[in-house]
Amino acid sequence: MDEHDAPDVSDAAAAEQGARPRRRRPEPTPVQRALSLLVRREHSRKELTRKLTARGVQAEEARAAVERLAGEGWQDDARFAESLVRSRVAAGYGPRYIQVELETHGLDAAQVDKALASFEGDWRELARDLVARRFGPERLEDLAAQRKAADLLLRRGFDGEAVRAVLRGLPED
């Protein structure tokens, strides 16, 4: 009998009470681990590989598992990027913030541009809505409130043109 077949104390107690002893589950494969992460939410290749290695999977096995799942359609960087764009837009983030976040996930410039282009809304309108939610629907009259609004928009990744449009109430182009 090897160490995996040896009953532990809880197995012996369960046998005395007429219950089945617990069986140990086999260690999940790298592909199974990656798939369990992907069913929760989309991940980029870089992120998925990093999470697998953090969970004790060898780097080469992690890369192979991610490649296999990408080949089978379970992992897709383009789908991940569009999902991230939708999520960040809903949270009130601008294009520059989202661009930087996508780049940290290992996406190249073409993938980032395509994902940002998938947003069919207006960045200025998104900035206006964010300021209205944070500061109220009235126009920002005093300089301190305008400065706070501008700082918020810049931190959230909106460009200077969007900030000026919101603060000056410029009409949309």
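What follows is a walk through the fold, the two nonpolar cores and a couple of individual residues of this protein, based on a predicted model.

Starting with the overall build, the protein has 10 helices and 0 strands, so reading from the N terminus is simply one α after another, α-α-α-α-α-α-α-α-α-α. Of the 173 residues, 36% count as buried. The surface comes to about 11,500 Å², and carbon and sulfur atoms supply 49% of that exposed area. As for how the chain meets itself, take the contacts between residues at least 6 apart in sequence: 56% of them join residues at least 24 apart.

Turning to the interior, the largest nonpolar core has 29 residues. Those with the most contacts inside this core are V85, V89, I98, L102, W123, L153 and F158. The supply comes from a run of helices: α5 (77–90), α6 (95–104), α7 (109–117), α8 (123–135), α9 (143–155) and α10 (160–168) each put in at least two residues. Apart from this core lies another one, of 11 residues, and L37, V57, A65 and L69 are among them. In soluble globular proteins, nonpolar side chains do tend to be buried together.

I98 gives a feel for the packing in the largest core. Leaving out residues up to four places away in sequence, I98 touches L84, V85, R88, V89, Y93, L116 and W123. Two of the partners just named, V85 and V89, also appear in the list of residues with the most contacts inside the core, as does W123.

Closer to the N terminus, UniProt lists residues 32–69 as "domain: RecX first three-helical", in an unreviewed entry. In the model, that stretch is 74% helix and 0% strand, and its end C-alpha atoms are 10 Å apart.

E47 is found in helix α3 (residues 45–54). Charged or not on paper, how accessible is E47 here? Its relative accessibility is 6%, so E47 counts as buried, the cut-off being under 20%. The side chain of E47 makes a polar contact with the side chain of R41, at 2.4 Å. Setting aside neighbours within four places in sequence, E47 is in contact with R41, E42, F80 and H105.

T29 makes for another stop, in the loop between α1 (9–16) and α2 (30–38). With a relative accessible area of 36%, T29 falls between the 20% and 50% limits and therefore counts as partly exposed. The C-alpha atoms of T29 and A65 are separated by 8.9 Å, although the two residues are 36 residues apart along the chain. A65 itself is one of the residues of the 11-residue core.

Methods
Residues are numbered from 1 along each chain as its sequence is written. This is a predicted model: local features need pLDDT of at least 70, side-chain atom pairs count only at pLDDT 80 or more; totals for chains, interfaces and linings use all residues. Side-chain values use heavy atoms; hydrogens and water are left out. Helices (H or I, at least four residues) and strands (E, at least two) are DSSP runs, numbered from the N terminus. Buried means under 20% relative accessible area, exposed over 50%, partly exposed in between (1.4 Å probe, protein chains only). Contact means heavy atoms within 4.5 Å. Accessible areas come from the Shrake-Rupley method with a 1.4 Å probe; for residues, only the protein chains shown count as cover. UniProt positions are given in the numbering used here, feature names are shortened, and annotations may be inferred rather than shown by experiment. A nonpolar core is a set of buried Ala, Val, Leu, Ile, Met, Phe, Trp, Tyr and Cys residues joined through side-chain atoms within 4.5 Å. A polar contact is a pair of N or O atoms within 3.5 Å; within protein, one must be able to donate a hydrogen and the other to accept it, and residues adjacent in sequence count only if both atoms are side-chain atoms.
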